Amino acid sequence: MKASTKLMALACFMAMATSSVSAQTLSVGLQDDPDALDPAIGGTYAGRIVFDAMCDKLVDINQNLEIVPQLATTWEWNDDNTELTMSLREGVTFQDGTPFDAEAVKVNIERMKTMDESRRKSQLAPITDVEIVDDHTVVLKLDAPFAPLLSILTDRAGMMVSPAVAGSADEFAANPVCSGPYKLVDRQARDSITLEKYDGYWNANEIGYEKIVYEIIPDSTVRLSRLQAGDLEAAERIAPTDLKTVRSDEGLALHTSPGLAVSHLFISQKPDAGILADNPDLRRALELSIDRTIINQVAFNGEFTADNQMIPPSSAFYSKAHPMTARDVEAARDLIAKSGVENPTIEITYENSLTDGRVAQIIQSMATEAGFTVNLLPLETSSAIERYLAGNFELYIGNWSGRADPDPTLYTFFGSGGSQNLNGYSNPKLDEVLLAARKELDMDARKKLYDQAADIYLTDLPTIPLYHPTWFYAAQSDIDGIEIFPDGILRVTGVKPAGE
């Protein structure tokens with residue numbers, strides 16, 4: 001064989017080998033670095049994306065927000081809706097080889113209900129006992145009917161971790177062991193999270209990559225550039241201003257879904273938190289100074305849905321009785337004068353991402369026209385989230401990925417015992433309405449209760465909802481099986497290189 005022929009053959013072999021190796025790894029660009037990789041205490045949207053690959057849930061949702069099986073295959077309520085009997089999938093093991101069974105479900109729910117750091121306590125509080133019928137049957141017993149339970153179990157509250165390592169939150173987050181298709185092998189803070197396929201996974205035939213690497217890339221422009229360069233297979237939260245670029249690139253595919261999410265301006269109600277905490281006139285003035293439609297047009301090319309509610313218009317529980325408030329600068333100025341506060345000065349904290357930065361600057365400009373002095377405090381993601389979770393802010397641009405049922409949004413943020421009630425807001429009347437909605441299984445009656453809830457929180461304004469994002473993912477066009485649901489989570493089951 002001639003030397004040139006040998007070189008060509010070697011080059012061809014190396015190219016094939018490189019292609020084979022790269023095809024085994026799915027590199028995904030994330031905007032944020034997730035917080036703790038423990039379903040009991042996790043609180044970030046990026047974390048939910050990683051959890052999908054690591055931690056199966058008792059149940060899931062489909063594209064139409066219907067409850068579908070995952071670790072539980074069937075379920076049934078008793079006549080008075082106080083007991084939920086679940087049949088569990090057989091032949092499932094955790095990533096350390098521990099069997100998944102009824103005892104594991106009991107351990108997980110009790111851990112989330114009792115662990116000091118758990119952010120799932122309020123969601124699972126109605127469960128008074130987990131009865132083990134046999135190895136693959138459990139009964140969740142409630143103190144009263146709880147309409148959102150199945151929906152809650154489609155998220156972190158329903159994620160199962162290995163009882164063998166379900167100790168302290170810090171220890172588990174460092175070495176998480178779940179029952180999903182991929183297990184953690186490495187995490188570099190603010191840089192990457194690497195997972196490897198768990199060969200013992202019950203649905204392994206539907207898992208198309210040997211490894212997933214989640215790369216933390218806060219700048220959406222950089223995420224897209226690396227996707228175009230072939231450094232990434234997929235990227236989340238593509239900026240609406242970049243959609244034209246994706247759509248015109250034959251090598252890329254755009255995957256979208258109308259979202260359940262909401263972005264809102266969270267206002268602290270804690271003592272000494274700032275001038276808005278105990279001044280409803282100033283909170284209303286701030287809302288009236290903002291034009292949500294302009295925010296959508298300028299920051300997002302009109303691709304999102306400007307709105308004044310935490311629940312999106314696509315939800316059956318959206319309150320049509322409370323249309324979006326129009327901007328009224330003169331009315332805002334009048335309320336500022338009525339408040340008696342001269343030169344009201346406020347500070348907005350936010351994650352230093354391109355989108356939140358744009359929104360913060362637009363709000364700053366609009367509120368300044370009405371008479372506010374607005375200081376901006378952009379922080380690196382982990383620092384911002386740390387402040388947020390500690391309730392250490394005056395105003396915070398919050399991004400909530402939303403849930404299929406309204407309770408995990410409304411009670412979580414506005415209920416006195418809600419896990420995301422980080423601004424200190426409390427209204428006994430709203431608590432009463434939200435708790436009544438939890439127990440009400442009649443659809444029409446629940447809608448009326450959530451109308452009442454909207455009336456209360458839109459009057460009190462513990463937060464100012466701004467818009468509902470549409471989920472935009474971009475991926476290489478030679479990847480099959482990507483389907484984005486309204487919850488915005490990249491589900492890895494069924495995702496694989498084209499033709500495999």
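Helices (H or I, at least four residues) and strands (E, at least two) are DSSP runs, numbered from the N terminus. By this definition the protein chain has 16 helices and 21 strands. The model is predicted, so local features need pLDDT of at least 70 and side-chain atom pairs count only at pLDDT 80 or more, while totals for chains, interfaces and linings use all residues. Residues are numbered from 1 along each chain as its sequence is written, and side-chain values use heavy atoms, leaving out hydrogens and water.

The predictor's confidence in each residue, pLDDT, runs from 0 to 100. Its average for the protein chain is 93, and 95% of the residues score at least 70. Over residues 1–22, by contrast, pLDDT stays under 50.

An open sheet of six strands, with mixed pairing, follows the order E14-E18-E13-E17-E15-E16; two strands pair if DSSP finds at least two bridges between them. Strand E14 (305–306) and strand E16 (373–379) stand at the edges with a single partner strand each, so one side of each lacks a neighbour in the sheet. Strand E13 (residues 262–267) and strand E17 (residues 395–400) run antiparallel and are joined by six bridges. Val262 has Trp400 in E17 as its bridge partner.

Helix H13 (residues 381–390) packs on this sheet, touching E13, strand E15 (345–351), E16 and E17, where contact means heavy atoms within 4.5 Å. Helix H14 (residues 407–414) also packs on the sheet, and touches E13, E17 and strand E18 (463–468).

Of the 500 residues of the protein chain, 56% count as buried, meaning under 20% relative accessible area (1.4 Å probe, protein chains only).

Note on methods: Axes fitted to C-alpha atoms, helices over the stretch in contact; angles between N-to-C directions. Buried < 20%, exposed > 50% of the residue type's maximum accessible area, 1.4 Å probe, protein only.
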